[in-house]
Amino acid sequence: MKSIYLLLFLSVLLTGTTCLGQNKNTVIVNGIPWFDDRGNIVNAHGACIVEDNGRYYLFGEWKSDKSNAFPGFSCYSSDDLVNWKFENVVLQVQPNGILGPNRVGERVKVMKCPKTGEYVMFMHADNMEYKDPYIGYATCKTINGNYQLHGPLLYQGKPIKRWDIGTFQDTDGKGYLLIHHGPIYRLSDDYHSVEAEVAYVKNSGESPAMFKKNGLYYMLYSNLTSWAKNDNFYFTAPRIEGPWTQQGIFCPKGTLTYNSQSTFVFPLKRGNDTIPMFMGDRWSYPHQASAATYVWMPMQVDGTKLSIPEYWPSWDIDKLKPVNPLRKGKTVDLKQITFSKEADWKVEEGRISSNVKGSTLSIPFSGSCVAVMGETNCHSGYARMNILDKKGEKIYSSLVDFYSKANDHATRFMTPQLAKGEYTLVIEVTGISPTWTDKTKRIYGSDDCFVTITDIVKL
């Protein structure tokens, strides 16, 4: 099938993250499932990264594809921010309380307390209707151990009844709790309670994320649009106490923050400089475990101007540059594709699409990896990617989200590391449309369930 997205195809060829497993490459590939050392999808949403003793630890929401109920918080580790080892589900569902059964647990953030040497975890806890919010905290003596939940975080003796949170640790070791729509709290010396409200950022939003660069503080927020993406925006201040000045958006208008929502900004140390690395979520409610993905990008800072001027489908985290191909892949010819029913698929130059539930494409391939490129838009739904072995037995299966409000053409899926052999990729139209409502019952999401494939590449 002739490629019409050659540049995207080229950028995929160097993506050893998924195809070649733990091979110590330095390439981050955005918007596709990432795989850990066990070959499972990295499941760490609403995340943060903690650098500790020369290793990076990624904490996130251990999502389910079936429900938004809290299943735990996960921890992964890496020595390069690209290849991730699964460590532990560091906080499990509790027997009762704010993170008991059929409760929500989100926005997990971890900091090491300088005074105690303890690792302190913060999170938003709620009921399934988002009408009983708390900010909870848990502690552990080791970064990847089992955290003990202590209950709600208190301010002036009372629980903080809010939802979206972030955290920030300043260079003097003081810890801060960031709350949606404005409040900034300074934590006590042991991080176990709130000492004071030190600022209030007017006209702000959800998913707060703060970083410091050249003595200036930056705060990222998203707009309130439920699980839908939007153009995130930011504020700056000379001190955490303010005054905070709204500066506008940091990605090109209409890109919806490259189809993501801010969750954290990691200080990426490179030489004598520290680069703020944006960490964003591509939510895929309710199929978050397999279909939600990540967007990580270096941010450019020039005084009060903060920007991510262009989207990099894949980039070298050491060189801070988009990658070019070093080896060749082979694009699958249309004749190699088997249709379950050809009439169910619309075949045109450069693309194949269907919205017929149960319709499939089957593509045999030799080797250890195959990549799928596709188009996302507001008319699309979920595809199921199945990998069959030589005997026709299913060895891998997951959902891939083809919906986005802002049109996009990019890599949608790459297989996990496979032993070299003979396989078949089966792409199935599920008929599932990503749709949801917010608290006001406003409907968001897709108006159809199309799956549109633009290239299939054997590597």
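This tour moves through a predicted model, from one sheet to the nonpolar cores and then to a single residue.

**The open sheet.** Begin by selecting strands 2, 3, 4 and 5, which form an open sheet of four strands in the order 2-3-4-5, paired in the antiparallel sense. The edges are strand 2 (45–52) and strand 5 (85–91), each of which pairs on one side only. On average, neighbouring strands of this sheet are turned by 25° against each other, direction ignored.

Next, restrict the view to strand 2 and strand 3 (residues 55–61), whose antiparallel pairing runs over six bridges. Within this pair, select Asp52 and its bridge partner in strand 3, Arg55.

**The nonpolar cores.** Now display Leu58, Phe59, Met121, Tyr147, Leu220 and Trp296: in the largest nonpolar core, of 74 residues, these touch the most other members. Centre on Tyr147; among the residues it touches are Phe59, Val90, Leu91, Val110, Tyr119 and Met121. Another core, of 27 residues, lies apart from the largest one; select Phe365, Val370, Val400 and Ile453, which are among its members.

**Leu220.** Return to the largest core and select Leu220, one of the residues that touch the most other members. Leu220 lies in strand 17 (residues 216–222). Is Leu220 buried or exposed? With a relative accessible area of 0%, Leu220 counts as buried, because the limit is under 20%. Show its contacts, including Phe211, Phe233, Tyr234, Phe250, Phe278, Met299 and Leu306. Finally, draw the C-alpha to C-alpha distance from Leu220 to Lys441: the two are 27 Å apart in space and 221 residues apart in sequence.

Conventions. Residues are numbered from 1 along each chain as its sequence is written. This is a predicted model: local features need pLDDT of at least 70, side-chain atom pairs count only at pLDDT 80 or more; totals for chains, interfaces and linings use all residues. Side-chain values use heavy atoms; hydrogens and water are left out. Helices (H or I, at least four residues) and strands (E, at least two) are DSSP runs, numbered from the N terminus. Buried means under 20% relative accessible area, exposed over 50%, partly exposed in between (1.4 Å probe, protein chains only). Contact means heavy atoms within 4.5 Å. Two strands pair if DSSP finds at least two bridges between them. Axes are lines fitted to C-alpha atoms, for helices over the stretch in contact, and angles run from 0 to 180 degrees between N-to-C directions. A nonpolar core is a set of buried Ala, Val, Leu, Ile, Met, Phe, Trp, Tyr and Cys residues joined through side-chain atoms within 4.5 Å. Lists of a residue's contacts leave out its neighbours within four places in sequence.
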